[in-house]
Amino acid sequence: MSDRRTFIQKAFGLGAGLFAAPRVFAEPPKGSSSRSRSADAVPAFNMPVVTADIGDLPYTIEGNTKVFHLIAEVVKQQISPLKTIDAWGFNGSAPGPTIQVNQGDHVRVVFENRLPEPTSVHWHGFEDTIQNDGMPGISQDPVKPGGRFVYEFNIHQEGTYFYHSHMAMQEMAGMLGAFIMHPKEPYQPHCDKDFLIHLQEYAVLPNNTVPNTMNMEFNWLVFNGKAGPATTPLIVRLGDRVRIRFVNLGMDHHPMHLHGHTFYTTGTEGGRIPEAGWWPGNTVLVGVAQARDVEFVGNNPGDWMIHCHLPHHMMNQMSSNAGKMTRSASMPAGGDMNTGMGMLQGTPGAPLGEDYGPALGRGLGGVGNASDTATTNGPLSQKKAMDAMPGMQHDMGNMQMGQMAQDDIAKNANDVPNFPQDAYMEGPMMAMDEMVDRPENYGLRAGWSGFMQGMMTFVRVLPPDKYDEVIARMKQANRPSDPYSAILERA
Ligand SMILES: [Cu+2]
């Protein structure tokens, strides 16, 4: 550890002039109300990390040891109101619950494998003994189904760390979680809110529940196991200083973008960055196996989006929209859902055969295949579209169908190449405000959920009266093991 730190310090020493600027938190742009409430008055302490939609792994104390029981198991993970997948996770969720400890703690993790195959738990970034590294077949025997293994750590680091299965496909099935090591000396300035967001992607075919962990074409992009609009917003009081820890244990890289604020990157998967090395931005690229901690003062009231900026990661249930489903007036006679969406099926060995349309898992399909493009655009009639998808859930409960007015579509829309793009995928017609209703969403503009998909949620920077109202509703909900409890207890 010391070698790396020394190197960083030396590097900063050599380039000191480059790092002279970022003192912005001491002098925020918009008057005194924009200062962190706690930067002046409140002594720094380690605010517990809130992992919305996931929560924490509880522990017991035995002597001077914190003991956690971590269970690998098959879980049903509802990633969206209309989509529940069969994932592998820990203690009931994928990702697994966040483990929070303090620098200096002695920690024991009693691990139990309830999966149908061997596994183990790797402790990512830990400077610990090889016996605790969790590498199956290298540092330990794989833990067989029904088996146990005890990991034991003396925590001397600080920062955002992870645990995950080191068997790649298990990791892609959801076997990951966060491990927070709070510093002995609290970070300065104090953060009033400290959130963690896991970034993951799944490839799950329509009408399927099992992610294809080999597929590289991901169609469900999730924050803490939820796709927008089912994600839970981050609730911030105007003037709060906020930390968000992004954790990426997936297959893609994610440029995480925040609206309305400039943040500083203050930490990586290697711990805290000295202040002179913080860098400003509104987008931070979180590469695979990396953590990026960002901090900002929520000094700009509003419901601000925070999202991955990769366009395909801002969508749910993606598939090509240039194919039969949207460009023919109706389904081929006797067709099913798969045919309608151009899914891979039909004559074996003839992937460009006439019965194939554009498919999830292959290209747009138009090249050399006249049948995909010979049909004219069908009118964008909701009834026709729904009638053309007999396998889809027409009864969508509270989904707010039918709000897209005729005026929203140009009269010549069907003559325009590339139409429909987002008119078909997003908008008020796809809103489901009531289905994703929760206290954290209180007061959002009606129909908001039709414009939020994939890796997206809000940072809601609320003036005191609105903040108090949302917090009161969250308290009233009295949810068991509420991931927000650390904030609710202190509000
Ligand atoms: Cu992304």
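At 41% relative accessibility, Tyr59 (Y59) is classed as partly exposed in this predicted model. F68, by contrast, has a relative accessibility of 0% and is buried. The two residues meet in one of the ring pairs described next.

**Aromatic pairs**

The chain holds 14 aromatic pairs. In the pair of Y59 and F68 the ring centres lie 5.3 Å apart and the planes stand at 50 degrees, a tilted arrangement. A second tilted pair is made by F149 and Y151, with 4.7 Å from centre to centre and 50 degrees between the planes. Here too a partly exposed residue, F149 at 23%, is paired with a buried one, Y151 at 0%. F149 and Y151 also belong to a cluster linked by ring pairs, whose other members are F90, W123, F126, F153, Y161, Y163 and F179.

**Strand β5 and its partners**

F149 leads on to strand β5, as F149 in β7 is the bridge partner of F111. Strand β5 covers residues 106-113, and seven of its eight residues are buried, so the strand is largely enclosed by the rest of the structure. It pairs with two strands described here. Strand β7 (residues 148-154) runs antiparallel to β5 and is joined to it by seven bridges. Strand β2 (residues 65-80) runs parallel to β5, with eight bridges between them; in this pairing I71 stands opposite E112.

**The five-stranded sheet**

Further along the chain, an open sheet of five strands has the order β12-β21-β20-β14-β18 and mixed pairing. Its edges are β12 (234-237) and β18 (283-286), each of which pairs on one side only. The average turn between neighbouring strands of the sheet is 20 degrees, ignoring direction. Helix α9 (residues 464-477) packs on this sheet and touches β12 and β21, and its direction makes about 140 degrees with that of β12.

Within the sheet, β20 (residues 302-308) and β21 (residues 456-462) run antiparallel and are joined by six bridges. H307 has M456 of β21 opposite it.

The edge strand β12 contains L234. This residue is buried, with a relative accessible area of 3%. L234 and F458 are 224 residues apart along the chain, yet their C-alpha atoms are separated by 6.1 Å. F458 is also among the contacts of L234, which include V459 and R460. Beyond these, L234 touches F195, I197, I244 and Y484, with residues up to four places away in sequence not counted.

**The copper site**

Three residues coordinate the copper ion: H254 and H313, each through ND1, and C308 through SG, at 1.9 to 2.1 Å. Along the chain these donors have the spacing H-x53-C-x4-H. The site thus involves strand β20, because residues 302-308 of that strand include the donor C308. C308 is buried at 0% relative accessible area, and H313 is buried at 4%.

**Accessibility of selected residues**

| Residue | Relative accessible area | Class |
|---|---|---|
| Y59 | 41% | partly exposed |
| F68 | 0% | buried |
| F149 | 23% | partly exposed |
| Y151 | 0% | buried |
| L234 | 3% | buried |
| C308 | 0% | buried |
| H313 | 4% | buried |

F149 is listed as partly exposed because its 23% is not under the 20% limit for buried residues.

**The chain as a whole and the confidence of the model**

The chain has 491 residues, of which 52% are buried. Its secondary structure comprises 10 helices and 21 strands. Of the contacts between residues at least 6 apart in sequence, 74% join residues at least 24 apart.

The mean pLDDT of the chain is 80, and 71% of the residues reach 70 or more. Two stretches fall lower. Over residues 320-334 the pLDDT stays under 50, and the model gives this stretch 36 contacts beyond four places in sequence. Residues 351-380 also have a pLDDT below 50, with 72 contacts in the model beyond near neighbours in sequence. Where pLDDT is low, predicted coordinates should not be read in detail.

Terms used: Residues numbered from 1 in each chain as written. Predicted model: local features only at pLDDT ≥ 70, side-chain atom pairs only at ≥ 80, totals over all residues. Heavy atoms only, no water. pLDDT = per-residue confidence, 0-100. Contact = heavy atoms within 4.5 Å. Pairing = 2+ DSSP bridges. Helix = DSSP H or I, 4+ residues; strand = E, 2+ residues; numbered from the N terminus. Axes fitted to C-alpha atoms, helices over the stretch in contact; angles between N-to-C directions. Donors = N, O, S within 2.8 Å, 3.2 Å for Na, K, Ca; no water. Buried < 20%, exposed > 50% of the residue type's maximum accessible area, 1.4 Å probe, protein only. Phe/Tyr/Trp six-rings, centres within 6.5 Å; stacked < 30°, edge-to-face > 60°.
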